[in-house]
Amino acid sequence: DNNQCSTWNIISLYIMNIAGKIIDVHKKRIYPGIVTIKAGKIESVTETERSPDHFIMPGLADAHVHIESSMLVPSHFAVAAVRHGTVAVVTDPHEIANVLGKEGVKFMLDNAENVPVKIVFGAPSCVPATSLESAGAKIGSADIRELIEEGKVKFLAEMMNFPGVIYDDAEVHHKLEAALNAGIPIDGHAPGLTGEELKKYISAGITTDHECSSLEEALEKISGGMKILIREGSAARNLEVLAPLISYYPEKVMLCTDDLHPETLLRGHINKLVARLISMDYNLFDVVRAASVNTYEHYRISAGTLRPGDPADFIIVDDPKTMNVLQTWIDGKCVFDGDKPLFSPGEIVKINKFKCTRLLPDEIRVINEGGKINLIVAVNGELTTDADIVQAGEGEFVAARPEEDILKIVVKERYNDRPPAVAFIRGFGMKHGAMASSVAHDSHNIIAVGTNDRDIVNAINLIVDAGGGMAVTSEDGAEILKLPVAGIMADLPVTAMAARYEKLSETVRSLGCRLDAPFMTLSFMALLVIPKIKMSDRGLFDGLTFKHIPLFVPDPYSKYKTY
């Protein structure tokens, strides 16, 4: 009886039969059958003459996601994910590691123990992401070895410092050696890397990449021995471009989301990617393999794929073309019954790190030196930015000019009480007010954009007072979504988070912002490793030259002037 989920969870030592159309990934066939479960394992899969119209298939896996980007703690993420048939998640906790170091990683590990979803954690390899900004913690090679030796992390997470690999940075190679000696996989992160440099990067033992933005790049990396994670999340979306890999190299491809905001997760997870790929006429068995088996095998996850002796991990869906999940089973227990998840996220311990104090408007004023200033140009839907040079304007101070879509951007370090960094940005389109967030990749200092100093400071101060969050201020009032867990997550379920996040985003749009995802875009304005120009707590940063640059453009004729 497929409707006895709750009863089965109580009597899980008994034999249970589940009937449906079996999607057999290994034999590449669909047939009516019965899955027999005993003591959490698949005892047998028996072909029958007929079955109910629904389909039984392997549970889904996200091959690479930063859970913190959902602003949910792992246990609440799991409750949301099982609704969409996700039974396993491979995650890099480097967001919280940048805030709290090993303590943050251990928080994620402890919280994940409360849930049945198979959450596999990696040891963050690049904390901080760069030495050119202020982060809350550092994870060195000794810390990596300690995390690996404790046995709770199962891979070395994305090696973003590919220059360090290529040019033989000793500390980077110590981290790689720790993973190689332990025999665990090493994830890559090498956007645009090609040729001999790519070969050296791969030869260091790095086995995956999720940053490919073109089919040519992905094919070169596969030819070098890498596996490619096709990414489709809230921020970066590469599925359409990379989908042909599923036909070319079905055994070399996995599916992932990387960064998934709460309103996106509420609507779907890997199941939506599967449905899209099948609707694009890719082979059903190859798509399901990419969404399950490949990830389980690469990361050595103890998850079943509907074979006798496997853990009884599977999902029941109405149709592979729609991927509406009717039930989710993990280790022989029904964890989602089509109506609600059948487990609790448990108690959530709050940890945080905020040491800065409130700002005054005078602290973000910029004395006008005359001439021109460097300007960040935000691009809707992109992690990258463009750059421009504009006149500083008239007056004693350089001010925002909303009528020209030139707004002030401020980054305030939250780990020490230091003066904020101030610059200017185009692309947000706000006509009034300000917005601020303590979700600012990867160091998660406070970042704000606004039309005037009063509202910018008020938004930042709301976040300081709350110990983390996202805020919007204007002459009409103020709103804040509090993020009390490390200043980047809340202790709320996905439904509540999605509703509050979308409401806050709509408030920003009411102030004139024309971005599809204002807070997501804001959070990536501080990600220095993605060019062209970004903003850290130390000022403007050129991601192409990898150097800080001044706000005011130097006068090329200044050396000829006399004073």
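How many bridges join β24 to strand β25, and do the two run parallel or antiparallel? There are 4, and β24 and β25 (residues 539–542) run antiparallel.

Before I go on, a word on the source: this is a predicted model, where local features need pLDDT of at least 70, side-chain atom pairs count only at pLDDT 80 or more, and totals for chains, interfaces and linings use all residues. Residues are numbered from 1 along each chain as its sequence is written, and side-chain values use heavy atoms, with hydrogens and water left out.

Back to the sheet. Helices (H or I, at least four residues) and strands (E, at least two) are DSSP runs, numbered from the N terminus. Two strands count as paired if DSSP finds at least two bridges between them. On that basis, 3 strands form an open sheet, ordered β24-β25-β26, with antiparallel pairing. β24 (533–536) and β26 (547–548) are the edge strands, each pairing on one side only. As one example of a bridge, isoleucine 533 has aspartate 542 in β25 as its partner. In general, strands of a sheet pair through backbone hydrogen bonds, either parallel or antiparallel.

Next, the salt bridges. The term here means a side-chain nitrogen of Lys or Arg within 4 Å of a carboxyl oxygen of Asp or Glu. Searching the whole structure gives 32 of them. I will take three pairs and one network.

In the first pair, arginine 276 bridges to glutamate 232, with the closest N and O atoms 2.8 Å apart. This pair links distant parts of the chain: arginine 276 sits in helix α13 (residues 270–279), while glutamate 232 is in the loop between β11 (227–231) and α10 (239–242), 44 residues apart.

For accessibility, buried means under 20% relative accessible area, exposed over 50%, and partly exposed in between (1.4 Å probe, protein chains only). Arginine 276, at 28%, is therefore partly exposed, whereas glutamate 232, at 10%, is buried.

The second pair is glutamate 404 with arginine 401, at 3.0 Å from N to O. Glutamate 404 has 39% relative accessibility, so it counts as partly exposed. Arginine 401 has 15%, so it counts as buried.

The third pair is lysine 412 with aspartate 417, at 3.3 Å from N to O. Lysine 412 is buried because its relative accessibility is 2%; aspartate 417 is partly exposed because its value is 45%.

Lastly, the network: Lys102, Lys106, Asp143, Glu146 and Glu150 are joined into one by salt bridges that share partners.
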